[in-house]
Amino acid sequence: MEHNLHNGDTAGKDEVKSPFLIGVAGGTASGKSTVCKKIMEQLGQAEMDHTQRQVVAISQDSFYRELTAAEKLKAQKGLFNFDHPDAFNEELMFDTLQLILKGHKVKIPSYDYRTNSLDFENMLVIYPADVVLFEGILVFYFPKIRDLFHMKLFVDTDSDTRLARRVPRDINERGRDLDAVLTQYMTFVKPAFEEFCSPTKKFADVIIPRGADNTVAIDLIVQHIRDFLNNRSCHGSTGNMALYMNLDLGVADGGALAGGDAVASGSSNTYNAIRRFSTLCKELTMKGNVFFETNKNLPHH
Ligand SMILES: Nc1ncnc2c1ncn2[C@@H]1O[C@H](COP(=O)(O)OP(=O)(O)O)[C@@H](O)[C@H]1O
Ligand SMILES: O=c1ccn([C@@H]2O[C@H](COP(=O)(O)O)[C@@H](O)[C@H]2O)c(=O)[nH]1
């Protein structure tokens, strides 16, 4: 079945907003959605009308492939591997993110875990925004998609905690019984995490230990997004954000600020934001609240 997922609308003819795209990966029940929710709450976006939001969050689960009748039967018996990359519609995910980056409004289905299927009756409308968070277990797995992100976060919560959270969640919210949750976990979820999800941690720019409990890391990311939003409202483009995201923060080698051009060409606001962010990064890395990778994977603008 074909579904038209966008209507081609942009923010307006004169002002096409290309959002800053943040990928949020991590194992099942690591707290990816909770981290996104906290970021949105702290930015005052959660309660806002969704047509007006500057920051929006999207789940990779909206891009599960539609299952064949035979696969559906397997899924109902807990015998379908939803943690394998083949379970996702990579092309649709890529095309949708491209449209979002071009400032289009898109419509995506919600996901119904009880029926293991996309819910086209309840489409989610994603309006053009300044910052888009895209979260899921395998958002860094596909190279083409990975390359679209301007910033990559990995929520790193230990596997016992994740299992302890997944069991009640799947029973209470996803209509499963204990036996099915544990069998699926041991057969598919755990091996696929080790093979496909965990190795993508190396692509992250920022690793968040302990997930949503790590308020220091979340505050840092929120401050960074705030700086971006303030900067964009001053300059009207993503240009300066791209400059500071491309900085080598130099955490490992004494913390010198690199990217002289960014400092020279930016406003004093930008310069102060860069300094604040760089200093905070160094302090937090020392305290073990966040791990920074130097930004070798960031796209160049
Ligand atoms: N820091 C936390 N403390 C306690 N429970 C949490 C915490 N973070 C998440 N949870 C709970 O764990 C479950 C999975 O969290 P969620 O954010 O949905 O993870 P993910 O999006 O990575 O699958 C949810 O029921 C959520 O309420
Ligand atoms: O029909 C489905 C689809 C997915 N799952 C499981 O969901 C998680 C991914 O969602 P998180 O919120 O990141 O936990 C994945 O591990 C799948 O196993 C499912 O059980 N049924």
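Okay, before anything else: when I say a residue is near a ligand, or part of its shell, I mean that its C-beta atom, placed from the backbone, lies within 6 Å of that ligand. Keep that in mind, and keep in mind too that what we're looking at is a predicted model.

With that cut-off, 13 residues surround ligand 1, and the closest are G31, K32, S33, T34 and R165. Two elements each give two or more residues to that shell: helix α1 and helix α5, which covers 159–172. Helix α1 has the largest share, at three residues. As for the chemistry around ligand 1, the shell has seven polar residues, four charged ones and two nonpolar ones.

Now over to ligand 2. Around this one we find T28, A29, K32, D61, F82, D83, Y113, N116, I137 and V189. Split by class, that shell has five nonpolar residues, three charged and two polar. You'll notice K32 turning up again: K32 is among the closest residues to ligand 1, and K32 is also in the shell of ligand 2.

Let me pick out two residues from the ligand 2 shell, starting with A29. A29 sits in the loop between β2, residues 20–26, and α1. Its phi is near 55 degrees, which is positive, and this is not a glycine. So is A29 buried or exposed? A29 counts as buried, because it has 24 C-beta neighbours inside 10 Å, and the bar for buried is 20 or more.

The other one is N116, in the loop between β4 and β5. N116 also has a positive phi, about 55 degrees, without being a glycine. With 19 C-beta neighbours inside 10 Å, though, N116 counts as partly exposed. And what do β4 and β5 form around it? They make a hairpin, with four residues between the two strands and N116 in the turn. The strands themselves, β4 at residues 104–112 and β5 at residues 117–126, run antiparallel and are joined by seven bridges. If you want a spot to look at, P109 stands opposite M123 in β5.

Back to α1, since it matters for the ligand 1 picture. This helix runs over residues 32–42, and its buried residues are K32, V35, C36, K38, I39 and M40. Here's a bit of helix geometry: an α-helix has 3.6 residues a turn, so residues three or four places apart point the same way. Just past the end of α1, G44 takes a positive phi of about 70 degrees.

For contrast, try helix α2, residues 69–76. How many of its eight residues are buried? Zero, so α2 lies largely in the open. After α2 comes G78, with a positive phi near 75 degrees.

Let's step back to the whole chain. The protein chain has 10 helices and nine strands. It runs to 301 residues, and 38% of them are buried. Take contacts between residues at least 6 apart in sequence: 76% of those join residues at least 24 apart.

In soluble globular proteins, nonpolar side chains tend to be buried together. Here, the largest nonpolar core has 56 residues, and those touching the most other members are I22, V24, V131, V132, L133 and L153. Take V24 as an example: leaving aside neighbours within four places in sequence, V24 is in contact with K32, V35, C36, L133, F134, E135, V139, L153 and V155.

Strand β3, residues 55–59, is mostly covered, with five of its five residues buried. Both faces are covered: V55, A57 and S59 on one side, V56 and I58 on the other. β3 runs parallel to β6, residues 131–135, and five bridges join them. Within that pair, S59 stands opposite E135.

One more residue: R146, in helix α4, residues 143–146. It counts as partly exposed because it has 17 C-beta neighbours inside 10 Å. Setting aside residues up to four places away in sequence, R146 touches F140 and F203. Also, its C-alpha is 7.9 Å from that of G23, although the two are 123 residues apart along the chain.

Last thing, from the records. An unreviewed UniProt entry places the feature "domain: Phosphoribulokinase/uridine kinase" at residues 21–216. In the model, that span is 36% helix and 23% strand, and its end C-alpha atoms lie 22 Å apart.

Methods:
Residues are numbered from 1 along each chain as its sequence is written. Chains are lettered from A and ligands numbered from 1 in the order in which they are written. This is a predicted model: local features need pLDDT of at least 70, side-chain atom pairs count only at pLDDT 80 or more; totals for chains, interfaces and linings use all residues. Ala, Val, Leu, Ile, Met, Phe, Trp, Tyr, Cys and Pro count as nonpolar, Asp, Glu, Lys and Arg as charged, and the others, Gly among them, as polar. A residue is buried if 20 or more other C-beta atoms lie within 10 Å of its own, exposed if 12 or fewer, and partly exposed in between; C-beta atoms are placed from the backbone. Two residues are in contact if their C-beta atoms, placed from the backbone, lie within 7 Å. A nonpolar core is a set of buried Ala, Val, Leu, Ile, Met, Phe, Trp, Tyr and Cys residues joined through C-beta atoms within 7 Å. UniProt positions are given in the numbering used here, feature names are shortened, and annotations may be inferred rather than shown by experiment. Two strands pair if DSSP finds at least two bridges between them.
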